[in-house]
Amino acid sequence: MPINGNTYDWESVTIDLPNGKAVDIEEISYNDSREIDVVYGKGSVSTKYGRKNYSASGSMSLLREEFERLRKNLGGSVYKAKPFPISVCYANDDVPIVTDTLTEVKITKQDTSAKQDESATGKVKLDFKILTPIKWNGVAAL
């Protein structure tokens with residue numbers, strides 16, 4: 001990577017939804033986890049650990065037009081829709097391309113508001129669960 005090169009910024013992020021490349025999206029966030037339980041035997045130091053279930057979730061904020069395109073593509077209801085993929089690609093000329101894939105997303109909450117003197121009112125925030133392991137730059141979490 002060149003010194004003083006351009007790093008990933010919002011302009012270098014491309015997000016693919018079922019309705020195509022998202023243009024009117026302001027934010028996407030996703031995470032995963034797999035808890036462990038520490039097991040103790042004799043003494044005060046753990047001797048083993050036990051693995052719990054994997055979980056992944058996220059959220060995104062869309063302008064109203066992008067949300068309506070997504071909702072229409074999902075059949076009219078974000079809750080009745082089958083699980084769908086989201087692809088998040090980080091790419092510019094100075095650093096390697098990184099693509100994260102959320103293979104099976106189900107929306108669990110939609111939230112919107114409008115207020116006086118807001119230039120882009122009616123933004124929609126969607127919370128979602130990711131039903132299968134996230135592919136972090138092509139490598140599945142599990």
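Which residues make a nonpolar surface patch of about 440 Å²? In this predicted model, the patch is made by Ile36, Val38, Tyr40 and Tyr49. Strand S3 gives the most to the nonpolar patch, contributing three residues. Val38 has its place in strand S3, and with a relative accessibility of 42% Val38 counts as partly exposed.

**Salt bridges**

The count of salt bridges in the model comes to seven. Three of the pairs are described here, including the one between Asp16 and Lys21. The table lists these pairs with the separation of their N and O atoms.

| Acidic residue | Basic residue | N to O distance |
|---|---|---|
| Asp16 | Lys21 | 3.0 Å |
| Asp37 | Lys52 | 3.9 Å |
| Glu66 | Arg69 | 2.9 Å |

**Asp16 and Lys21**

In the salt bridge of Asp16 with Lys21, the closest N and O atoms are 3.0 Å apart. Asp16 is partly exposed, its relative accessible area being 25%. Lys21 has a relative accessible area of 55%; because exposed means over 50%, Lys21 belongs to the exposed class.

**Asp37 and Lys52**

The side chains of Asp37 and Lys52 meet in a salt bridge at 3.9 Å, N to O. Asp37 lies in strand S3, which covers residues 25–40, while Lys52 lies in strand S4, which covers residues 46–62, so this pair ties together parts that are 15 residues apart in sequence. Each partner is partly exposed: Asp37 has a relative accessible area of 39%, and Lys52 has one of 40%. Strand S3 thus appears in two settings, as the place of Asp37 in this salt bridge and as the element that gives the most to the nonpolar patch.

**Glu66 and Arg69**

The third pair described here belongs to a helix. Glu66 forms a salt bridge with Arg69, with 2.9 Å between the closest N and O atoms. Both residues lie in helix H1, which spans residues 64–73, and they are three residues apart, about one turn of the helix. Is Glu66 buried or exposed? At 1% relative accessibility, Glu66 counts as buried, because buried means under 20%. Arg69, by contrast, is partly exposed, with a relative accessible area of 39%. Salt bridges that share partners join Glu66 and Arg69 with Asp24 into one network.

Conventions:
Residues are numbered from 1 along each chain as its sequence is written. This is a predicted model: local features need pLDDT of at least 70, side-chain atom pairs count only at pLDDT 80 or more; totals for chains, interfaces and linings use all residues. Side-chain values use heavy atoms; hydrogens and water are left out. A salt bridge is a side-chain nitrogen of Lys or Arg within 4 Å of a carboxyl oxygen of Asp or Glu. Buried means under 20% relative accessible area, exposed over 50%, partly exposed in between (1.4 Å probe, protein chains only). Helices (H or I, at least four residues) and strands (E, at least two) are DSSP runs, numbered from the N terminus. Patches are made of residues with over 30% relative accessible area and no salt bridge: like charges are joined within 9 Å, nonpolar side chains (Val, Leu, Ile, Met, Phe, Trp, Tyr) within 5 Å. Accessible areas come from the Shrake-Rupley method with a 1.4 Å probe; for residues, only the protein chains shown count as cover.
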